[in-house]
Amino acid sequence: MIQTLLLSLLIIAIAIALLSVKLLFRKDGKFSSMHIHDSKAMKDRGIHCVMDQDYEARKTGRAM
C-alpha cells in the first residue's frame, strides 16, 4: 500500500516538474493562452469566444 502511494507521488512530482520547465528556464516564461479569442488560427476561421458572440448578439438585439 505504501509503495503504491510513494510511486503515485513520484509520478505526480515528475509531471509537475516537466510542466514547469518552460516557466523556470525561460527568461519571460509563461503558459500560452488557451482562450479562443487569443488564437490567430481561430480568428482567421471566424470562430469566436462564446462570450464575444453573446456580447455581439446582445448589442444587435438578437439575444434570446
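User: Welcome me in with one residue: is Lys40 buried or exposed?

Analyst: Happy to! Please keep in mind that this is a predicted model. Lys40 has a relative accessible area of 60%, and the cut-off for exposed is over 50%. Lys40 is therefore exposed.

User: Which side chain meets that of Lys40 in a salt bridge?

Analyst: Side chains of opposite charge can pair when their charged atoms come close. Helix H3 covers residues 40–45, and the partner sits 4 residues from Lys40 in it, about one helical turn away. That partner has 56% relative accessibility and counts as exposed. With 3.4 Å from N to O, the salt bridge joins Lys40 to Asp44.

User: And what forms a salt bridge with Asp54?

Analyst: Look at helix H4, residues 50–60, where both residues of this pair lie, 4 residues apart. Asp54 is partly exposed at 32% relative accessibility, while its partner is exposed at 59%. The closest N and O atoms are 3.0 Å apart, and the partner is Arg58.

User: How many salt bridges does the structure hold?

Analyst: One of them links Asp44 and Lys40. Another links Asp54 and Arg58. The total for the structure is 2.

User: Stepping back, what radius of gyration does the protein chain have?

Analyst: The chain's elements run α-α-α-α from the N terminus on, and its C-alpha trace spans about 60 × 35 × 15 Å along the principal axes. Buried residues make up 5% of its 64 residues. A compact globule of 64 residues would come out near 11 Å, but the radius of gyration here is 21 Å.

Conventions: Residues numbered from 1 in each chain as written. Predicted model: local features only at pLDDT ≥ 70, side-chain atom pairs only at ≥ 80, totals over all residues. Heavy atoms only, no water. Salt bridge = Lys/Arg side-chain N within 4 Å of Asp/Glu carboxyl O. Helix = DSSP H or I, 4+ residues; strand = E, 2+ residues; numbered from the N terminus. Buried < 20%, exposed > 50% of the residue type's maximum accessible area, 1.4 Å probe, protein only. Rg over C-alpha atoms; globule rule 2.2 N^0.38 Å.
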